[in-house]
Amino acid sequence: INVEKRSINFGRGTDMRDQNIYFVQNSFGHVTTFITCSNRGHAAAPCTQYFNLSPQMKAHIRVYYRKGLLPHWQKIQQSVSNLIYGFEVDSNEQTSGQINKLN
C-alpha cells in the first residue's frame with residue numbers, strides 16, 4: 001500500500017489549521033483511506049481517519065486518535081472494521097425474540 005502525504009498551510013506560520021494529509025489509493029487509483037493530522041509537533045496532536053466498509057457493508061467510518069498512533073493506522077483501521085463487522089446480522093436468520101412497539 002502506497003501512502004501519499006500532502007501538507008496544507010492555511011495561513012502564515014503554524015496555526016491549528018495546518019494539516020498533514022495522508023491517503024491510500026487502490027490499484028484503480030481510488031482513495032480508500034484518508035487521514036488528516038494536525039501539523040503540531042507533539043504526539044498528542046489530533047488525527048482523523050476516514051474509510052468505508054464497501055462493498056461488504058454500506059458504512060462510512062471516521063476514527064479520531066492522537067498523532068503518536070499514526071504509524072499504526074492500518075491496525076486501527078482493521079480493528080475498527082472487525083468491530084463493526086461483528087454487528088452484522090443475517091436478515092434471513094429466524095429470530096426468537098419479540099419486540100413490542102410503544103404507542
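Me: Where in the secondary structure is the place of Tyr-50?
Reply: In this predicted model, the chain comes to 1 helix and 5 strands, which follow one another along the sequence in the pattern β-β-β-β-β-α. Within that arrangement, the place of Tyr-50 is in strand β4.

Me: Is Tyr-50 buried, partly exposed or exposed?
Reply: The class depends on relative accessible area, where buried means under 20% and exposed means over 50%, with partly exposed in between. The value for Tyr-50 is 34%, and this residue therefore counts as partly exposed.

Me: Which kind of aromatic pair do the rings of Phe-34 and Tyr-50 make?
Reply: The count of aromatic pairs in the structure comes to 1. In that pair the ring centres of Phe-34 and Tyr-50 lie 6.1 Å apart, and the planes stand at 45 degrees. Planes under 30 degrees apart would count as stacked and those over 60 as edge-to-face, so with its 45 degrees the pair of Phe-34 and Tyr-50 is tilted.

Me: How many residues apart in sequence are the parts that the pair of Phe-34 and Tyr-50 ties together?
Reply: Phe-34 belongs to strand β3, which covers residues 31-38, whereas Tyr-50 belongs to strand β4, which covers residues 46-52. Because the two rings sit in these two strands, the pair ties together parts whose separation in sequence is 16 residues.

Me: Which residues make the nonpolar surface patch of about 250 Å²?
Reply: A residue needs over 30% relative accessible area to belong to a patch. Phe-34, partly exposed at 32%, and Tyr-50, partly exposed at 34%, both appear in this one. The patch of about 250 Å² is made by Val-31, Phe-34 and Tyr-50.

Me: Which cysteines form the disulfide, and what is the handedness of their link?
Reply: The structure holds 1 disulfide, formed by Cys-37 and Cys-47, whose sulfur atoms are 2.0 Å apart. Cys-37 lies in strand β3 and Cys-47 in strand β4, so that the bond links distant parts of the chain, 10 residues apart. With 110 degrees about the S-S bond, the link of Cys-37 and Cys-47 is right-handed.

Me: Are Cys-37 and Cys-47 buried or exposed?
Reply: Across the chain of 103 residues, 29% count as buried, a class that requires a relative accessible area under 20%. As for the two cysteines of the disulfide, Cys-37 and Cys-47 are both buried.

Me: What share of the accessible surface of the chain belongs to carbon and sulfur atoms?
Reply: The accessible surface of the chain comes to about 8200 Å². Of this surface, the share that belongs to carbon and sulfur atoms is 52%.

Definitions and conventions: Residues are numbered from 1 along each chain as its sequence is written. This is a predicted model: local features need pLDDT of at least 70, side-chain atom pairs count only at pLDDT 80 or more; totals for chains, interfaces and linings use all residues. Side-chain values use heavy atoms; hydrogens and water are left out. Rings of Phe, Tyr and Trp (its six-membered ring) pair if their centres lie within 6.5 Å; planes under 30 degrees apart count as stacked, over 60 as edge-to-face and the rest as tilted. Helices (H or I, at least four residues) and strands (E, at least two) are DSSP runs, numbered from the N terminus. Buried means under 20% relative accessible area, exposed over 50%, partly exposed in between (1.4 Å probe, protein chains only). A disulfide is a pair of cysteine sulfur atoms within 2.5 Å. Patches are made of residues with over 30% relative accessible area and no salt bridge: like charges are joined within 9 Å, nonpolar side chains (Val, Leu, Ile, Met, Phe, Trp, Tyr) within 5 Å. Accessible areas come from the Shrake-Rupley method with a 1.4 Å probe; for residues, only the protein chains shown count as cover. A salt bridge is a side-chain nitrogen of Lys or Arg within 4 Å of a carboxyl oxygen of Asp or Glu.
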